[in-house]
Amino acid sequence: GRTVAHLMGQNRAQLVVGEGTDYTLTITYAAVDFGTTDAAVTLPTAGTYALDALLTWAPDSAGGTLDAKLYNSTDAADVAGSERRTDEQTLTANIRQHALQAIVTVTASKTIKIYAHDPNGSAGSVVKAAWTSIRYIRLY
C-alpha cells in the first residue's frame, strides 16, 4: 500500500491509502477490508492525535446509506464522536466522499481502523479502495 513515512523519524504523522479490492458494505458494522492494504493506522506511542479519514463511496443502483466510524481495534472500542452518516437514497451511480475526524488521547500504542455499513442493506454499495485513506498527526 501507499504509506507516507513518519515525519522526521519522530512518529509524528502517517497516511495510509487503501489498496486492493473495493469493499462491499454489509448491513452490520465491520472493518473496511480491501484485502491488500486496509485504511488503518497504528498510533505508535502514548499521546494525543488528530485522526482524519476519507472514504470514497459508490452507492448501488438503488441509492443507499453509509454509516462509518473510527474504531480502536486494540481495545475493541469505537472512537468517541467519530460516527457519521451519509444518505444518498436519491443519488445513484455517483461517487461520494465521506469524512471522519476525531481527536483521541491514548496511553499506549493503538490500532485505528475504519468501520462502515449500510443499515438498509443495499447490496452492491462499495467503499473504493484506491480513494480511501486514513491519517494521524500527533499533537503532543
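Let's start with Lys 128, which is partly exposed, with a relative accessible area of 21%. That value only just keeps Lys 128 out of the buried class, because buried means under 20%. Keep in mind as you look around that this is a predicted model.

What does Lys 128 form a salt bridge with? The partner is Asp 22, and the closest N and O atoms of the two are 2.8 Å apart. Along the chain these two are distant, with their positions 106 residues apart: Lys 128 sits in the loop between β14 and β15, while Asp 22 sits in the loop between β3 (19-20) and β4 (23-24). Asp 22 is partly exposed too, at 29%. As a bit of background, side chains of opposite charge can pair when their charged atoms come close.

A search of the whole structure turns up five salt bridges, so let's visit two others. Lys 110 and Asp 75 meet through their side chains, 3.0 Å from N to O. Lys 110 belongs to strand β13 and Asp 75 to the loop between β9 and β10, so this pair ties together parts that are 35 residues apart in sequence. How covered are the two partners? Lys 110 counts as buried at 11% relative accessibility, whereas Asp 75, at 41%, counts as partly exposed.

Now find Lys 69, which has two contacts to look at. One is a salt bridge with Asp 78, where the closest N and O atoms are 2.9 Å apart. The other involves a ring: Lys 69 lies over the face of Tyr 29, at 3.9 Å from the ring centre. Lys 69 counts as buried, with 10% relative accessibility, but Asp 78 is partly exposed at 44%.

While you're in this stretch of sequence, look at Ala 76, in the loop between β9 (65-72) and β10 (77-78). Most residues other than glycine have a negative phi. Ala 76 isn't a glycine, yet its phi is positive, about 55°. At 55% relative accessibility, this alanine counts as exposed.

Next, the interior. Nonpolar side chains tend to be buried together in soluble globular proteins. Here the largest nonpolar core has 28 residues, and those touching the most other members are Leu 43, Leu 51, Leu 55, Leu 70, Ile 112, Ile 114 and Ile 134. Several strands each supply at least two residues of this core: β7 (40-43), β8, β9, β12 (96-106), β13 (110-117) and β15. Which strand gives the largest share? That's β8, with five residues.

Aromatic rings come next, and the whole structure has two aromatic pairs. In one of them, Tyr 49 and Tyr 136 have ring centres 5.3 Å apart and planes at 90°, so the pair is edge-to-face. This pair also links distant parts of the chain, since Tyr 49 is in strand β8 (residues 47-58) and Tyr 136 is in strand β15, 87 residues apart. Tyr 49 is buried, with a relative accessible area of 0%, and Tyr 136 is buried with a value of 0% as well.

Finally, head to the surface. Ile 103, Ile 137, Leu 139 and Tyr 140 make a nonpolar surface patch of about 430 Å². Tyr 140 is in the segment after β15 and counts as exposed, at 60% relative accessibility.

Methods: Residues are numbered from 1 along each chain as its sequence is written. This is a predicted model: local features need pLDDT of at least 70, side-chain atom pairs count only at pLDDT 80 or more; totals for chains, interfaces and linings use all residues. Side-chain values use heavy atoms; hydrogens and water are left out. Helices (H or I, at least four residues) and strands (E, at least two) are DSSP runs, numbered from the N terminus. Buried means under 20% relative accessible area, exposed over 50%, partly exposed in between (1.4 Å probe, protein chains only). Patches are made of residues with over 30% relative accessible area and no salt bridge: like charges are joined within 9 Å, nonpolar side chains (Val, Leu, Ile, Met, Phe, Trp, Tyr) within 5 Å. Accessible areas come from the Shrake-Rupley method with a 1.4 Å probe; for residues, only the protein chains shown count as cover. A salt bridge is a side-chain nitrogen of Lys or Arg within 4 Å of a carboxyl oxygen of Asp or Glu. Rings of Phe, Tyr and Trp (its six-membered ring) pair if their centres lie within 6.5 Å; planes under 30 degrees apart count as stacked, over 60 as edge-to-face and the rest as tilted. A charge sits over a ring if NZ of Lys or CZ of Arg is within 6 Å of the ring centre and within 35 degrees of the ring normal. A nonpolar core is a set of buried Ala, Val, Leu, Ile, Met, Phe, Trp, Tyr and Cys residues joined through side-chain atoms within 4.5 Å.
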